[in-house]
Amino acid sequence: MTASNPARDESSHRTGGPPPRGARLEGHLDSTAQLMNRITSQLGSQLSLVSLDGTRRPAPPVLVLVAHGSRDPRALATIRTLVERVRELRPHLSVRLGHIELNEPLLGDTLTSLDGEDAVLVPLLLGRGYHVRRDIPETAAAAPGVRTRVAGPLGPHPLLVETLHARLVEAGWRTRMSDSTRRASAVVLASAGSRAPDSAADTRRTAQLLAERLGVPVLPAYASAAAPTVPAAVRALAARGRHRIAVASYFTAPGRFATQCAEEAPWICAEPLGDHPAMARLVLHRYDQAVAAPETASERALVPA
């Protein structure tokens, strides 16, 4: 008798009858839990803007994520999903998006639309290249009536290594391997490349951190502006007896360079960093660092009269 009850309930559900009482109760509890979580999140967001004495705290600076931009439509979709992940983690924070080129909204237009609000710009870039050192600060300085701070690039940082590791595992990298397999394995860290020495140093540091995480050699390689290329890095590792070579995609989103490097992978190639949850946490970490940093004289000069 007991065993026949589930079958009878399942049959009535398939034929359009009412769901079992237990299922109705479970669905009701799930809906209630989701509603309570939403209310709690919204209430926490409101309370975070109120001081202990009941006065309203100043609104935090707007977080502007600065993406490079790409003609690949997957890039914009990926960055927009990352923006939503950041918003979910910090619901009370105003989060906007601006691009250096190729996609809208452009950074300058995003800053103009802030209408005098303070902003922290977090570059979705992985090292101290030209865009971080020149393009973004110059665009920020030209924005009328907006006081801005430019956070550091995302890399190097352990959260990037966490993301790189996760993407490699998704592509087929084994977290447990025999000693012989480990001695034959290696990774090429493929990135866009830059002529800036600081940017190359940042990429090498990330490669070092990833090598420590994986326990195998990790060799940086570049799609442009620097050497070695991915094929050259693969040959160098093979000459050292490393024939099981994966490519880690050190790009924030899909695009021409990421696709080019993936096509040159001799074995597996991981997806770009993208909208991994660790990336959203890293964006907020860079934002918080910039907010906590002392204000500079140039930033004070940007305050509207």
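Where is the place of Arg-235? Hello everyone, let's start there. Arg-235 sits in helix α9, which covers residues 230–239. Helices here are DSSP runs of H or I with at least four residues, strands are runs of E with at least two, and both are numbered from the N terminus.

Before going on, a word on the model. It is a predicted model, where local features need pLDDT of at least 70 and side-chain atom pairs count only at pLDDT 80 or more, while totals for chains, interfaces and linings use all residues. Residues are numbered from 1 along each chain as its sequence is written, and side-chain values use heavy atoms, with hydrogens and water left out.

Back to Arg-235. Its relative accessibility is 56%, so Arg-235 counts as exposed. The cut-offs are these: buried is under 20% relative accessible area, exposed is over 50%, and partly exposed is in between, with a 1.4 Å probe and protein chains only. From Arg-235 to Ile-245 the C-alpha to C-alpha distance is 10.0 Å, with their positions 10 residues apart in sequence.

Now the overall picture. The protein has 12 helices and seven strands. Of its 305 residues, 40% are buried. If we take contacts between residues at least 6 apart in sequence, 74% join residues at least 24 apart; contact means heavy atoms within 4.5 Å.

On to the interior. In soluble globular proteins, nonpolar side chains tend to be buried together. By a nonpolar core I mean a set of buried Ala, Val, Leu, Ile, Met, Phe, Trp, Tyr and Cys residues joined through side-chain atoms within 4.5 Å. The largest such core has 47 residues, and those with the most contacts inside it are Leu-63, Leu-65, Leu-154, Leu-168, Trp-173, Val-187 and Leu-210. Helix α11, residues 277–292, provides the largest share of this core, with eight residues. A second, separate core has 15 residues, including Ala-223, Val-230, Val-234 and Phe-251.

Let me zoom in on Leu-210. Setting aside neighbours within four places in sequence, Leu-210 is in contact with eight residues that you can click through: Val-161, Leu-164, His-165, Leu-168, Val-187, Leu-189, Val-218 and Ala-248.

Next, Trp-173, my favourite stop. How many aromatic pairs does the count come to? The count comes to one. Rings of Phe, Tyr and Trp (its six-membered ring) pair if their centres lie within 6.5 Å; planes under 30 degrees apart are stacked, over 60 edge-to-face, and the rest tilted. The partners are Trp-173 and Trp-267: their ring centres are 6.2 Å apart and their planes are at 50°, so the pair is tilted. The pair links distant parts of the chain, with Trp-173 in the loop between α6 and α7, Trp-267 in the loop between α10 and α11, and the two positions 94 residues apart. Trp-173 is buried, at 4% relative accessible area, whereas Trp-267 is partly exposed, at 35%. The ring of Trp-173 also has the charged end of Arg-244 over it, 5.6 Å from the ring centre. The rule there asks for NZ of Lys or CZ of Arg within 6 Å of the ring centre and within 35 degrees of the ring normal.

Now Asp-202, in helix α8. Asp-202 is buried, at 5% relative accessibility. Beyond neighbours within four places in sequence, Asp-202 is in contact with Leu-126, Gly-127, Arg-128, Gly-155 and Pro-156. Those last two residues share a cis peptide bond, with omega near -10°, and Pro-156 lies in the loop between β4 and α6. His-157 is in that loop as well, and is buried at 16% relative accessibility. Leaving aside neighbours within four places in sequence, His-157 is in contact with Leu-282, His-285 and Arg-286.

Another cis peptide bond joins Ala-227 and Pro-228, with omega about 5°. Pro-228 is in the loop between β6 and α9, and so is Ala-225. Ala-225 has a positive phi of about 65°, although it is not a glycine.

I'll stop here; questions are welcome!
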